[in-house]
Amino acid sequence: HEADLWAQEGLIDRTIHDRLATRYQFSALDVESRNSLITLLMGLGCVLIGIGVLTLISANWQQLAREWRVVILLSAFIAVNLLGFYLWREPAGGKQRFGQGLLLLGALMLGGNMALMGQMFHVRGELFQLFIAWAVGVLLMAYSLRLTSLGILAQILMGMGYWQAYTSGLWSSDRVNIDPNWTYFLYEHMSIVAICLFLPLAYWCRSQAIFTLAGIAFLSSFQSSLQPAGMWKEQNITMINFVFSCCVPPLLLWGYGNLSQWWQGNRRDKTGAFPQISRRLGVLSLGST
């Protein structure tokens with residue numbers, strides 16, 4: 001739009017305008033914006049459909065035999081994912097976007113199936129364990145299909161599980177006894193887990209959103225992993241520990257941004273913005289403390 005105004009006002013001639021339009025693909029900008037909106041609406045629609053299906057089945061769930069319940073859950077999950085994968089492989093267009101929506105629906109159905117299967121076979125566990133296991137399953141789908149939407153969903157689920165366990169103080173209370181398992185290991189080392197699991201995915205998908213959420217997860221979980229919930233108010237926490245937890249993560253992000261920029265050089269793809277994002281997160285974190 002600005003380039004058209006420059007041409008109309010005589011700031012640039014029509015030849016320069018055409019060269020700019022060819023280089024930056026002005027004709028494709030509106031199409032990409034429209035496709036992003038359609039993808040967002042289809043994803044929201046799939047979420048609502050999934051909630052409706054789960055509600056309908058749960059209303060008649062007790063009248064069904066356990067074998068039929070397992071068949072229904074597995075059949076629906078496999079059918080949705082297979083159809084979504086088949087449509088997703090189509091060339092760019094409406095079918096591909098619809099396939100992405102079905103894959104997102106399949107990822108949401110994974111959590112519902114896990115919860116219902118655990119209820120049917122009397123598998124005991126905490127809510128945060130369900131979220132973390134669900135996030136790991138969705139993360140495997142994101143790596144397999146190289147889909148940004150699934151990666152973001154996995155980050156959201158992982159964050160929900162982490163903060164649910166952190167705010168409830170499951171291990172800081174003597175009244176609750178939980179056997180440590182792999183979900184507790186992920187919870188205890190979430191700052192490292194967030195980097196190891198989501199940073200390669202951000203580069204693999206070339207997604208700035210996944211990279212930003214991974215940085216936020218690292219910053220938010222680093223300080224909380226040093227001390228359990230509510231321990232910052234106690235007097236035995238030294239000033240050195242507090243300064244370490246507040247200053248080291250921003251410095252690491254700033255250093256990673258410089259190192260990443262040196263390693264990538266002047267790349268013009270989406271991963272070229274990762275160093276700027278890392279340094280901005282570091283500055284915002286340091287300023288907020």
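**View 1. The whole protein holds twelve helices and zero strands.** Welcome to this predicted model, a good place to get your bearings before the close-ups. Followed along the sequence, the pattern reads α-α-α-α-α-α-α-α-α-α-α-α. The protein has 289 residues, and buried residues make up 37% of them. Take the contacts in the protein with a separation of 6 or more: 65% of these come from residues 24 or more positions apart.

**View 2. Helix α5 packs with helix α6.** Here you can follow α5 through residues 94-120 and α6 through residues 127-145. Two packed helices are described by the angle between their axes and the distance between the axes. For α5 and α6, the angle is about 150 degrees and the axes are 10 Å apart. Angles over 145 degrees count as roughly antiparallel, so α5 is roughly antiparallel to α6. Their crossing is right-handed. On the α5 side, look for L103, A107, L108, L110, G111, M114 and A115. These meet L130, A133, W134, G137, V138, M141 and L145 in α6. By type, the residues of this contact between α5 and α6 comprise twelve nonpolar, two polar and no charged.

**View 3. Helix α6 crosses helix α7 at roughly 160 degrees.** Now stay with α6 and turn to its contact with α7, which spans residues 148-168. The two axes come within 8 Å. With that angle, α6 is roughly antiparallel to α7. The crossing of α6 and α7 is left-handed, whereas that of α5 and α6 is right-handed. From α6, the contact draws on L127, F128, F131, I132, W134, A135, V136, V138, L139, M141, A142 and L145. From α7 come L150, G151, L153, A154, L157, M158, M160, G161, Q164 and A165. Sorted by type, the residues where α6 meets α7 are 19 nonpolar, three polar and no charged.

**View 4. T183 sits in helix α8.** This last close-up centres on a single residue in α8, the helix of residues 182-188. Is T183 buried or exposed? Its relative accessibility is 3%, and buried means under 20%, so T183 counts as buried. Setting aside neighbours within four places in sequence, you will find T183 in contact with F128, Q129 and I132. With one of these, Q129, the side chain of T183 forms a polar contact of 3.4 Å. Two others may look familiar from the previous view: F128 and I132 of α6 also take part in the contact with α7.

Conventions. Residues are numbered from 1 along each chain as its sequence is written. This is a predicted model: local features need pLDDT of at least 70, side-chain atom pairs count only at pLDDT 80 or more; totals for chains, interfaces and linings use all residues. Side-chain values use heavy atoms; hydrogens and water are left out. Axes are lines fitted to C-alpha atoms, for helices over the stretch in contact, and angles run from 0 to 180 degrees between N-to-C directions. Helices (H or I, at least four residues) and strands (E, at least two) are DSSP runs, numbered from the N terminus. Angles under 35 degrees count as roughly parallel, over 145 as roughly antiparallel, 65 to 115 as roughly perpendicular and the rest as oblique. A crossing is left-handed if the near helix is turned anticlockwise from the far one by less than a right angle, and right-handed if clockwise. Contact means heavy atoms within 4.5 Å. Ala, Val, Leu, Ile, Met, Phe, Trp, Tyr, Cys and Pro count as nonpolar, Asp, Glu, Lys and Arg as charged, and the others, Gly among them, as polar. Buried means under 20% relative accessible area, exposed over 50%, partly exposed in between (1.4 Å probe, protein chains only). A polar contact is a pair of N or O atoms within 3.5 Å; within protein, one must be able to donate a hydrogen and the other to accept it, and residues adjacent in sequence count only if both atoms are side-chain atoms.
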